[in-house]
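User: I have a model open and would like to learn how to read its inner spaces and its cysteines. Could you walk me through it?

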Amino acid sequence: MTTRVQIFDTTLRDGEQSPGASLNVEEKLEIARQLERLGVDVIEAGFPISSPGDFLAVQSISRLIKNCTVCGLTRAVPKDIDSAAEALKDAVRPRIHTGLGVSDSHLQHKLKLTREAAMERGVTAVKHARKYVEDVEYFLEDSGRADRDYLCQVIEAVINAGATVINIPDTTGYTTPEEYGALIGYVMNRVPNIDRAIVSVHCHNDLGMAVANALAGVRNGARQIECTVNGIGERAGNTSLEEVVMAMRVRRDIYDCETGINTQELYKTSRMVSNATGILVQPNKAIVGANAFAHSSGIHQDGVLKERTTYEIIDPRDVGILESKIILSARSGRHALQHRLAELGYTFSEEQVDKVYTRFLEVADRKKEVYDEDLEKIAADETSSVRHTYELAHVQVSCGEKLVPTATVCVRDASGRELIDSCHGTGPVDAVYRAINRIVAVENELIEFSIQAVTEGIDALAEVTVRIRRGGDIYTGRASHTDIVVASGRAYMHALNKLIDRTTPALEHPTLEHV
Ligand code: KIV
Ligand code: ZN
């Protein structure tokens with residue numbers, strides 16, 4: 001039978017211990033509400049004695065949350081426990097989480113206690129906490145480096161004193177999955193009264209093994225996982241909630257466990273915690289990173305478009321992400337481009353696709369990623385019904401503070417002939433327009449020129465709009481390119497083509513003869 005594993009979220013306590021992550025009470029309440037929607041079993045809301053703000057947060061969360069256990073952390077000292085009991089008193093299901101170091105390093109250097117005295121203090125703390133609440137969790141700090149037999153003695157004693165949950169933290173993130181799994185197995189086999197408590201894993205990520213260690217603990221009998229959203233926490237952080245939950249779900253064949261988590265809330269929760277704490281999620285972070293469902297290489301894109309599961313083991317909708325992302329870049333093939341264009345409402349003939357793909361590669365060579373706005377511009381250029389009597393083949397400019405702006409342009413006519421001319425001007429765009437005029441020789445007046453960035457960043461596509469007048473008629477030309485001079489030249493060419501299209505029958509443009 002599939003085993004139920006409890007998810008104990010400590011984002012608001014251990015997670016908030018991340019450097020620079022401090023949250024105010026309102027932010028904690030909002031996150032707690034989201035954790036309840038996410039379906040965690042326990043919310044560790046704070047460390048009430050540590051500050052008035054933490055006390056208030058635990059108290060407010062205790063009053064707000066109805067469907068999760070609300071937990072407050074304490075040291076194994078009566079005044080901490082009294083404070084936690086007071087903060088938790090309105091919770092529907094309160095839990096006091098108390099405990100003490102258990103490794104010789106912590107006993108000698110930090111607590112200056114003998115093993116016996118520490119055990120005694122732990123037992124007294126549990127008994128004191130049980131006067132207030134029925135649910136008492138006991139943590140044995142630095143279990144990962146503790147003497148195993150002493151660890152088992154303390155566990156047995158605190159369970160006899162009334163502890164309902166036993167937390168075995170790898171506080172320093174020192175253990176490996178094999179070691180940590182074996183430690184949990186040892187406790188399960190050696191502590192005679194262990195069946196009277198739930199064993200909990202609490203792993204730190206100093207060696208990048210927190211998730212693997214927690215899962216190894218579960219394989220060996222742990223039934224509660226302590227974790228944080230986005231894996232935030234002291235130093236390198238804690239077990240990441242989204243990773244451990246999805247690992248158990250995707251690999252149920254291995255773990256045979258389930259949780260009460262509504263996985264579709266995972267992404268939203270991750271965003272909320274990242275926004276509130278200011279701790280960014282690395283793009284390649286499993287499950288919730290920006291690239292977790294993004295496909296960049298042409299081969300992968302082709303595979304995913306044919307069948308998602310070729311390169312995806314998780315349906316992004318299962319974690320609350322609407323769809324996989326096909327990153328259009330210079331590595332993308334025609335299939336991915338056509339697919340995205342079709343999604344944007346453009347269907348092209350094979351011949352048009354060739355042209356659009358060439359334009360796409362031009363843009364992609366200049367930018368890391370080609371966005372929908374870029375594609376729309378490219379597609380709009382291609383779908384324009386104007387007869388392209390002339391095409392701007394190349395533009396080259398030299399300009400600068402001490403130079404006379406000069407442009408050389410190469411214009412291709414409808415028969416494929418290339419016509420080259422140069423001119424100087426008041427600036428690079430003026431020089432380009434004058435050079436084009438020398439080739440095309442169509443009388444017109446430039447009445448408007450505007451430029452704007454249509455995509456984000458320094459490598460944005462610039463969209464240029466020009467209006468030219470001849471007689472009483474006005475012709476508008478538009479073009480986009482990452483190079484504003486090229487965009488300007490193409491926009492002008494676009495307007496000229498419209499003018500020629502309207503005023504001259506096909507193949508009868510006189511200037512073709514005279515250049
Ligand atoms: O890492 C740890 O040992 C802890 C305890 C306070 C539970 O966070
Ligand atoms: Zn911790």
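Analyst: Here we look at cavities, then at cysteines, in what is a predicted model.

User: Let's begin with empty space. How many cavities of 30 Å³ or more are there?

Analyst: The general idea is friendly enough: rolling a probe the size of a water molecule over the atoms shows where empty space is left. In this model the count comes to 1 cavity of 30 Å³ or more. The largest cavity has a volume of about 30 Å³.

User: Which residues line the largest cavity?

Analyst: Its lining is made up of L100, G101, V102, A118, M119, Y138, L140, Y150 and V154. Two or more lining residues come from each of the strands β5 (94-101) and β6 (136-141) and the helices α5 (115-130) and α6 (148-161).

User: How does that lining divide into nonpolar, polar and charged residues?

Analyst: There are 8 nonpolar residues and 1 polar residue, with no charged ones.

User: Now the cysteines. How many disulfides does the model have?

Analyst: To read this, check how far apart the sulfur atoms lie: a disulfide needs a pair within 2.5 Å. Here the count is 0 disulfides. For C203, the nearest cysteine sulfur is that of C227, 10 Å away.

User: Why is C227 not bonded to C203?

Analyst: Because the sulfur of C227 is 10 Å from that of C203, its closest cysteine sulfur, the gap is too far for a bond.

User: And is C203 buried or exposed?

Analyst: C203 has 0% relative accessibility, so it counts as buried. C227 also counts as buried, because its relative accessibility is 0%.

Terms used:
Residues are numbered from 1 along each chain as its sequence is written. Chains are lettered from A and ligands numbered from 1 in the order in which they are written. This is a predicted model: local features need pLDDT of at least 70, side-chain atom pairs count only at pLDDT 80 or more; totals for chains, interfaces and linings use all residues. Side-chain values use heavy atoms; hydrogens and water are left out. On a 1 Å grid over the protein atoms alone, a cavity is a set of points where a 1.4 Å probe fits but cannot get out, and a pocket is an open set with protein on both sides within 12 Å along at least five of seven lines; lining residues have an atom within 4 Å of a point. Grid points are joined across faces, edges and corners, and a volume is the space filled by probe spheres set on the points. Helices (H or I, at least four residues) and strands (E, at least two) are DSSP runs, numbered from the N terminus. Ala, Val, Leu, Ile, Met, Phe, Trp, Tyr, Cys and Pro count as nonpolar, Asp, Glu, Lys and Arg as charged, and the others, Gly among them, as polar. Buried means under 20% relative accessible area, exposed over 50%, partly exposed in between (1.4 Å probe, protein chains only).
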